[in-house]
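Reader: Got a minute to walk me through a fold? Drop it in below and I'll start asking.

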Amino acid sequence: MNTMIVIGAATLLLVWFDFMRAREAAVRAARTFCRRLDVQLLDQTVHLGKVALGRHAGRPAVCRIYVFEFTVTGHERQTGYVALAGRHIVEVDRVPVASH
């Protein structure tokens, strides 16, 4: 019984560390994206938008979409995203703004 508790706690800790590493990679990617476009990353962070199981390079991977906000003008917020498959950044882009 105690062994199962230790294994469960260790598994949760490993999953948490994996999510933290992925989040840190997404923050770095969002900062680089904003620097390259000469826009301001708002709140200096990202948040998890979606998690799913998928494939990367033919292997199973945890796929994550992190969302961030940035501004070009200082007044209007725009949304961007970082897509990761495992620890690999697959795409960083802005969400298209719907025209009215």
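Reader: What's the strand order in the open sheet of four strands?

Author: First, the caveats: this is a predicted model, where local features need pLDDT of at least 70 and side-chain atom pairs pLDDT 80 or more, while totals for chains, interfaces and linings use all residues. Residues are numbered from 1 along each chain as its sequence is written, and side-chain values use heavy atoms, with hydrogens and water left out. Strands here are DSSP runs of E, at least two residues, numbered from the N terminus, and two of them pair if DSSP finds at least two bridges between them. Pairing is antiparallel, and the order is S1-S2-S3-S4.

Reader: Which strands stand at the edges?

Author: Each edge strand has a single partner, so one side of it is left without a neighbour in the sheet. That describes S1 (40-56) and S4 (88-94).

Reader: How many bridges join S1 to S2?

Author: These two run antiparallel, and one pairing puts Lys50 with Ile65 in S2. They form a hairpin with two residues between them, where Ala57 has a positive phi of about 55°. The bridge count for S1 and S2 is twelve.

Reader: Which residue in S3 stands opposite Ile65?

Author: S2 and S3 pair in the antiparallel sense over nine bridges. In their hairpin, with five residues between the strands, Gly74 takes a positive phi near 95°. Opposite Ile65 in S3 stands Ala83.

Reader: Is Leu13 buried, exposed or partly exposed?

Author: Leu13 sits in helix H1 (residues 2-37). Buried means under 20% relative accessible area and exposed over 50%, with a 1.4 Å probe and protein chains only, and partly exposed lies in between. Because its relative accessibility is 46%, Leu13 counts as partly exposed.
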